[in-house]
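Trainee: Got a minute to go through this one with me? I'd like to work out the answers rather than just read them off.

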Amino acid sequence: MRKFLSSAAIAVVMMAGLGGAQAADVKEVQMLHWWTSGGEAAALNVLKQDLSKEGFAWKDVPVAGGGGDAAMTALKAMVAAGTYPTASQMLGYTVLDYAQAGVMGDLTETAKKEGWDKSVPAALQKFSVYDGKWVAAPVNVHSVNWLWINKAVMDKIGGTQPKSFDELIALLDKAKAAGVIPLALGGQNWQEATMFDSIVLSTGGPEFYKKAFNDLDEESLKSDTMKKSFDNLATIIKYVDPNFSGRDWNLATAMVIKGDALVQVMGDWAKGEFVAAKKKPDTDFLCYRFPGTEGSVVYNSDMFGMFNVPDDRKAAQVALATATLSKSFQSAFNVVKGSVPARTDVPDTDFDACGKKGIADLKAANEGGTLFGSLAQGYGAPPAIANAYKDVVSKFVHGQIKTSDEAVKQLVQAIDDAR
Amino acid sequence: MSTVATTDPVLTPAQSTPISLRGRLQDALPKIVLAPSFVITLVFVYGFIVWTAYLSFTNSKTFPSYALTGARAYQRLWRWTFESDPPSSWYTSITNMAIFGFLYVGICLALGLFLAILLDQKIRGEGILRPIFLYPMALSFIVTGVAWKWFLDPGLGLEQTLHHFGWTSFHFDWIKNKDFVIYTVVIAGVWQASGFVMAMFLAGLRGIDGEIMKAAQIDGASAFQLYRRIVIPLLRPIFLSAFIVLAHMAIKSYDLVVALTSGGPGGSAWLPSNFMYEYTFKRNEMAVGSASAIIMLMTISAIIVPYLYSELKEKAR
């Protein structure tokens, strides 16, 4: 009864029209995702076409909203009600949460046959393998420590690649003097926190990032380095236009594409927007690692979490998983999406300059041990902690928290509460 | 129930069995028809209230868990409130609720009454004016929110337009300002509901006996005195109904905040309902979310129960 009550409760709370998504059909893949922006939708089309060649219809359960909050809420309602989608786009710890709740399927057989253990980096397997079983198919690796720069604006102000945080500030000053918005930022908490991920890595270095944001070491969290990071955040925020609050990330990217703004600090999904706008790397836009973070990659990875569907839908699920991790799809998809393949054995021939650099960086970071999960993107710590972190950063950016001392205090307490 | 047949067989020995059966059926029919909706209400309203209360004492995170862990969730809520200097999300939510509730209800009542009194002056074109004022009520809060979001956005709406016309010193960025964003929610809310309140007051004004007014006028009362001393006191029941309608709309406001401000800079436009939804469904802190829901319920009860009590007592007299 309890179980019934809880499912019913969440089903009632979630009024979203998911009813249509429940018709079970062997030849159909139901997919819940939040890839609705231009570049993302185009990238997903590649998979749709691959599957339709094998005779599987694609049934979207799309939920708009860049950060995926709405989609995750819808997913929770579906899972609680027992009507699993075939697969769902998921991030990091969410996969493990659901696996722990025992609702994920088992793809180990397919994984063995296709040799996923060897081709997928260990950092990703931490999230796609639970209790020895493959529960998710990683689609790509995004890294968040990137600068995206409009080349025309860069040329106009005579800027060069910034090598340190101070050089970045000097560059932003030049843009300001030229009357361009120096930094395009969307004022949503995940965007602010994503930028702060890069700032912390730049300020404290790789060791510090890992200790503070992956191991959640309290000494590091309240250290002077963390305070310095918040001070740097305060410095860089001054270069954002006053109208940024509430802006979506792709609108901020559009500002850089159009040349209204010089630079955006964002994950490489921003490149998908440039590509969708028919822009070329090195001629129209530039991609640099956030100054001071070269050699490290702060990653997140989109995964297709595979649910424990009834037997008559298993075939479709296996087909989806196989197609997702096929080299051809990994290459084609990530060329469009802006990210890099989740397998390290995919050739980089089809990728543009930024993509080639991304693949090389990932390989180096994977081998050098500087591949870190992004806390802002839910790969550093479980969602409750990641959200507490986003809260504190956002409150600092918008002035509710006024000093870096206070911010550090709040951060430690918020993470402690959410543990 | 005023059916002739009575269900007690001892008292009606003379009645034949078929009529008694029919009578019984007639008697039971309303109950049978009501039973499903009664059960549904009982389970899906009161059952879930109890369930939420239970969850608030557990350590539920992503999914409900049933191991009781004491009042930790409540302690977290109130510790944030009393000890944090940069206001916590919960503290922001409840102070916003106080500001929004007070201004929204107050301004709607005042503006609604004012418009109703103006419209009551037998002016020409009342038939056109009334629906114009009432129409915003037909929009959902989402539509109101999005429309006002564009209108108030400094880069798109009012400010940009006035700059365009040459008034470049004009500055209005409340919707992007953490200290003022809650007042933009008040503006949009008042815009939506004051016409409805006006309609309620207008109906009340039309229901007042003209003889009383005439008598007062003959006694030499001015129009102001007439309204202050006679009309407004007579409207007391309307005030109460309008207050209850507005208060519950204020407390359940969620969509307006989301559509208008997406939560505001750093979550500064949150109301308790936003807090509850965020924590329960987005942050995987179901226990804290449930605790906040229970506190909201207790707050509403504190307003509604005395009101219902006084109403019932008056009826009983």
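Trainee: Why is helix H14 of chain A described as largely enclosed by the rest of the structure?

Mentor: Bear in mind that this is a predicted model. H14 of chain A spans residues 269–276, and its buried residues are A:Trp269, A:Ala270, A:Lys271, A:Gly272, A:Glu273 and A:Phe274. Buried here means under 20% relative accessible area. The helix counts as largely enclosed because the buried share is 6 of the 8 residues.

Trainee: And which residue with a positive phi follows H14(A)?

Mentor: Look just past the helix for a phi near 60°. The residue there is A:Lys278.

Trainee: On to the two chains. How much area do chain B and chain A bury between them?

Mentor: Interface size is often given as the accessible area lost when the parts come together. In this model, 36 residues of chain B are in contact with 35 residues of chain A. Carbon and sulfur atoms carry 55% of the buried area, and the total is about 3,100 Å².

Trainee: Which side chains form the salt bridge across that interface?

Mentor: The rule finds 1 salt bridge between chain B and chain A. Its N to O distance is 2.7 Å, which fits the cut-off of 4 Å. The partners are A:Asp391 and B:Arg283.

Trainee: Which elements of chain B give two or more residues to the side that touches chain A?

Mentor: By class, that side of chain B has 17 nonpolar, 9 polar and 10 charged residues. The elements you're after are helices H1 (17–55), H2 (72–83) and H12 (272–282) of chain B.

Methods. Residues numbered from 1 in each chain as written. Chains lettered and ligands numbered in written order. Predicted model: local features only at pLDDT ≥ 70, side-chain atom pairs only at ≥ 80, totals over all residues. Heavy atoms only, no water. Buried < 20%, exposed > 50% of the residue type's maximum accessible area, 1.4 Å probe, protein only. Helix = DSSP H or I, 4+ residues; strand = E, 2+ residues; numbered from the N terminus. Contact = heavy atoms within 4.5 Å. Buried area = accessible area lost by both parts, 1.4 Å probe. Nonpolar A, V, L, I, M, F, W, Y, C, P; charged D, E, K, R; others polar.
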